[in-house]
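Colleague: I would like a close look at a single part of this structure, namely the charged pairs and their surroundings. Could you take me through that part in one connected account, and then place it in the chain as a whole?

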Amino acid sequence: MSLLARLPGPRDPVFLRRLASALVLAPLALGLVWLGGYPFAIFVAAFSAAMAWEWVRMSDRDAPPRAFSIATGTAVGAVLLAANGEWVWCAVWVLAGAAGAYLDRRRRGRAWEAPLGLIYVASAASILVGLRAADGGLGALLFLLAVVWAADTFAYLAGTWLGGPKLLPAASPNKTWTGLVAGVGCGAAAGVLVAGMWGLDPAYALAAALPAAGMAVAGDLVMSLAKRRFGVKDAGTLIPGHGGVLDRVDALMLATVFAGLFSLLAPAGWPGGSF
């Protein structure tokens, strides 16, 4: 098949749905990132509740209502505590929720999947809010979003257009090494461009952007492995062209966890370094 034949176009319904969803969600997300504060925290809390709900439904088809209540309550509470800078209580809340999820699932088997998924969702959402609330948080979050969105987009496009050797068929038959290289390269380039708006050293920005872009691609693979294990194609159906919220933000989640760890070690002057 020629390269031209593989290009997404007007006859590609998946590409069109993805594009339409991005045109709606990206401006909304950027506007709330710009506002910060409680508007952004509430937005992230709502998305974290949806992600926790999807994880329970995806990982346990027979989950009782209390399982959804534990998951969504833990995710939302963690985000709101993080918005107030209550990091110790945030950690306690997440661990308590994970313990509750474990006890709820223990009698029905594979109990470890519920707490691990809940910790992952709640931690990523909380760190995202914490990054925005830190000094220089707007720059840090715009940097992170630029890296993740570029990595995710160009990994998808390069894999679709160019094909190539499969990256990890056990996780996804469509992801390729070509997509990995394109995603990491373009994500890093986007990060350097955005960091340049704050006058940061390009070499230092590249040192942060490269692993963040790699984590974005890896986050996509992590969620693909989870869906393959649970025997589902998509985590949900909320977002046209993407599936569920977990399908849309899978790349952002692992990259956010990395960014939170990176920000703890960042020197003075780096956006979000005081988080």
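Modeller: In this predicted model, D104 forms a salt bridge with R66, and the closest N and O atoms of the two are 2.4 Å apart. Because D104 lies in helix α5 while R66 lies in helix α4, the pair ties together parts of the chain that are 38 residues apart in sequence. D104 counts as buried, since its relative accessibility is 9% and the cut-off for burial is under 20% relative accessible area.

A second pair involves R105, which forms a salt bridge with D60, the closest N and O atoms here being 3.4 Å apart. This pair, too, links distant parts of the chain, with D60 in the loop between α3 and α4 (65-83) and R105 in helix α5, 45 residues apart. Both partners are buried by the criterion used above: D60 has a relative accessible area of 9%, and R105 has a relative accessibility of 5%.

R105 also takes part in a salt bridge with E113, for which the closest N and O atoms are 3.8 Å apart, a distance to be read against the limit of 4 Å that defines such a bridge. E113 is buried as well, with a relative accessible area of 2%. Taken together with R229, the residues D60, R105 and E113 are linked in a network of salt bridges, and the structure as a whole holds 6 salt bridges. As general background, side chains of opposite charge can pair when their charged atoms come close.

Helix α5 (residues 87-106) also contains V88, which, in contrast to the buried charged residues just described, is exposed, with a relative accessible area of 64%. Together with W89 and V92, V88 makes a nonpolar surface patch of about 340 Å².

Turning to the nonpolar interior, the largest core has 56 residues, of which F40, V44, L144, M223, L246 and M253 touch the most other members. At least two residues of this core are supplied by each of α2 (13-35), α3 (37-59), α6 (113-133), α7 (137-162), α8 (177-196), α9 (202-230) and α10 (245-265). The core draws at least three residues from domain 1 (15-133) and at least three from domain 2 (135-274). For M223, when neighbours within four places in sequence are left aside, the contacts are with W55, M58, Y120, L246, D250 and M253. Apart from the largest core lies another, of 10 residues, which includes A63, F68, A114 and L118.

As for the setting of these parts, the chain has 10 helices and 2 strands, and from the N terminus on its elements run α-α-α-α-α-α-α-β-β-α-α-α. Of the 275 residues in the chain, 48% are buried. Among contacts between residues at least 6 apart in sequence, 70% join residues at least 24 apart. The accessible surface of the chain comes to about 13200 Å², and carbon and sulfur atoms account for 71% of that area.

Definitions and conventions: Residues are numbered from 1 along each chain as its sequence is written. This is a predicted model: local features need pLDDT of at least 70, side-chain atom pairs count only at pLDDT 80 or more; totals for chains, interfaces and linings use all residues. Side-chain values use heavy atoms; hydrogens and water are left out. Patches are made of residues with over 30% relative accessible area and no salt bridge: like charges are joined within 9 Å, nonpolar side chains (Val, Leu, Ile, Met, Phe, Trp, Tyr) within 5 Å. Accessible areas come from the Shrake-Rupley method with a 1.4 Å probe; for residues, only the protein chains shown count as cover. A salt bridge is a side-chain nitrogen of Lys or Arg within 4 Å of a carboxyl oxygen of Asp or Glu. Helices (H or I, at least four residues) and strands (E, at least two) are DSSP runs, numbered from the N terminus. Buried means under 20% relative accessible area, exposed over 50%, partly exposed in between (1.4 Å probe, protein chains only). A nonpolar core is a set of buried Ala, Val, Leu, Ile, Met, Phe, Trp, Tyr and Cys residues joined through side-chain atoms within 4.5 Å. Domain bounds come from an automatic or database domain assignment. Contact means heavy atoms within 4.5 Å.
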